[in-house]
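Me: I have just opened this structure and would like a guided walk through it. Could we take it topic by topic?

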Amino acid sequence: MRSSSSSIRARLAALLAGAATVGALLSGVAHAADTPLRELGAAKGKVVGTAVTGSKLTGTYGDIAGAQFGSLTPGNAMKWGSVEPTQGSFNWAEADQIVAFAQAHNQQVRGHTLVWHSQNPGWLTNGTWTSAQLNTLLQNHINTEVGRYQGKIAAWDVVNEPFNEDGTYRSTLWYNGLGADYIANALTWARAADPAAKLYVNDYNVEGVNAKSTALYNLVKSLKERGVPIDGVGLQAHLILGQVPSTFQQNIQRFADLGVDVAITELDIRMTLPSDSAELAQQKADYKAVTAACVAVARCVNLTVWGFTDSDSWVESTFPGQGAATPYDANYAPKPAYYGIAEALGGTTTPPPTGVCTAAYSVGSQWNTGFTGNVTISCSGAALSSWKVTWTYGAGQQITQAWNAGCTQSGAAVTCVNASYNGSVPDGGSVSFGFNANWSGSNPVPTVTLG
Ligand code: G3I
């Protein structure tokens, strides 16, 4: 059994989060699968990645990002507005940090993104530019950024979100100023600046077969026919609970059949808050379905989540009342969605029960030298097929006889295990056993442990 530092931390985080429930507790403390997602993915020929925020890459967040994922995408750090907030004045700090972290953890980096209509610097969007000036600005931007990270980026989202929902080109600074060929030119310049990087066009609402994904398909087809360098398409996959398109795999396959790779670049699945167990179960099924669609197509090379924890997701601020969209909760405990990904990648670990079983000790009748005790084991949201309850007496008590359990006492330490007929404690049920014991002086109630 492997036990990564991240899973230990996640277990600890989950344990601390549940620390109010102390005492005789055998709880389903959430823990990550024994094999990290990146290893499960590698065994299937898939790179499993996450978007990250550079400033958070320490502590538990950094441990999980490094251990579980084989690819990092800077969520914001490589966007034009981040790297060149003032014309000619560059800030590479966060992007450099993420690249260095990735190298230290043997991870790929997906560069995101070179040409977009959003998160551009004010000087660019507010300027008045001729087509020639705009063309030069774009070429220089691509040369500078791709060149800076040449050899360190596995794939670039060169062009982001070029289409409207109906498949027409989105009206943007680039399309309006340069025409549709801004896409081909951007790809060509990116290839020149880093011949080894895979070059992608990336968009959302293109996961199923629809007008927008067909426009993307036709674009890729035409780029390939023209000899323009294009290596892959990114399907962002910002999905709504229960709405994984039924044509997801078919759509991936048609791009693969065109001769390009496919990456699921920004997967998250949002739900109405507060989340409940039915929603989380549906989310697991949805994550599993998306992952399975990628697994089914050899050219689906990368599956990246857009933030791995609910504490680092764009969803809640953008869609009020919606959230819980990622595979880990805000306390870094893996959610059912995590196991949906793991299972679709062939992982065998199933999540522990999310409920708890507890043992409660009580003293019944008590007389001058003896007393009758009782222990009840109860389960809620969990179940047991066998049990063992232990405690240590603090005042010299000595068990003389037990029923409905096999009890032994060694010094002050008592161990009671189930009888052959009452090991099973169902969800919502309970089992009790009793004993007689001697006491003198005082008879304090011990702390019992169910394990
Ligand atoms: O950095 C500032 C901070 O100084 C300020 O205090 C704070 C106040 O709002 O804003 C911070 O900037 C925010 C930035 O994320 C960093 O957190 C911006 O307001 C916010 O708009 C920006 O949102 C990003 C969003 O793109 C912008 O469209 C999300 O983090 C980012 O996850 C998201 O990512 C996009 C992909 O690039 C493309 N596909 C869609 C996806 C989701 O929108």
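Me: Where is G321 found?
Reply: G321 lies in the loop between α13 and β11. Helices (H or I, at least four residues) and strands (E, at least two) are DSSP runs, numbered from the N terminus. The model is a predicted one, in which local features need pLDDT of at least 70 and side-chain atom pairs count only at pLDDT 80 or more, while totals for chains, interfaces and linings use all residues. Residues are numbered from 1 along each chain as its sequence is written, and side-chain values use heavy atoms, with hydrogens and water left out.

Me: Is G321 buried, exposed or partly exposed?
Reply: G321 is partly exposed, because its relative accessible area is 42%. Buried means under 20% relative accessible area, exposed over 50%, and partly exposed in between (1.4 Å probe, protein chains only).

Me: And how far is G321 from M271?
Reply: Their C-alpha atoms are separated by 8.4 Å, and the two residues are 50 apart along the chain.

Me: What about S317?
Reply: S317 sits in helix α13 (residues 315-318). S317 counts as exposed, because its relative accessibility is 66%. From S317 to I98 the C-alpha distance is 24 Å, with their positions 219 residues apart in sequence.

Me: New topic: how is β9 placed, largely enclosed or not?
Reply: Eleven of the twelve residues of β9 are buried, so β9 is largely enclosed by the rest of the structure.

Me: Which strands are joined to β9, parallel or antiparallel?
Reply: Strand β7 (residues 232-235) runs parallel to β9, with four bridges joining them. Strand β8 (residues 238-240) is also parallel to β9, with three bridges. Two strands pair if DSSP finds at least two bridges between them. V233 stands opposite V262 in β9, and I240 stands opposite R270 in β9.

Me: Where does β9 appear among the pockets?
Reply: β9 (261-272) and β2 (47-52) each supply at least two residues to the lining of the second largest pocket. About 450 Å³ of space lies in that pocket. Its lining has 25 residues, and the closest to the centre are K79, H238, E266, W306 and W314.

Me: What does "pocket" mean here, as opposed to a cavity?
Reply: On a 1 Å grid over the protein atoms alone, a cavity is a set of points where a 1.4 Å probe fits but cannot get out, and a pocket is an open set with protein on both sides within 12 Å along at least five of seven lines; lining residues have an atom within 4 Å of a point. Grid points are joined across faces, edges and corners, and a volume is the space filled by probe spheres set on the points.

Me: How many cavities are there, then?
Reply: The structure holds one cavity of 30 Å³ or more. The largest cavity has about 30 Å³ of space. Its lining consists of K79, W80, T113, L114, V115, W116, S118, Q119 and N120. Strand β4 (residues 108-115) gives the most to this lining, with three residues.

Me: How do the two linings divide by class?
Reply: The lining of the second largest pocket has seven nonpolar, twelve polar and six charged residues. For the largest cavity there are four nonpolar, four polar and one charged. Ala, Val, Leu, Ile, Met, Phe, Trp, Tyr, Cys and Pro count as nonpolar, Asp, Glu, Lys and Arg as charged, and the others, Gly among them, as polar.

Me: Let us turn to aromatic rings. How many aromatic pairs are there?
Reply: The count comes to 22 aromatic pairs. Rings of Phe, Tyr and Trp (its six-membered ring) pair if their centres lie within 6.5 Å; planes under 30 degrees apart count as stacked, over 60 as edge-to-face and the rest as tilted. The rings of Y61 and Y332 are edge-to-face, because their centres are 6.5 Å apart and their planes are at 75°. This pair links distant parts of the chain, 271 residues apart: Y61 is in helix α3 (residues 59-68), and Y332 is in the loop between β11 (322-323) and α14 (336-344). Both Y61 and Y332 are buried.

Me: Which cluster does Y61 belong to?
Reply: Y61, F69, F308, Y328, Y332, Y338 and Y339 form one aromatic cluster.

Me: Finally, which domains does the chain have?
Reply: The domain assignment, which is automatic or from a database, gives domain 1 (5-16 + 32-344) and domain 2 (356-450). Their centres, taken over C-alpha atoms, are 54 Å apart.
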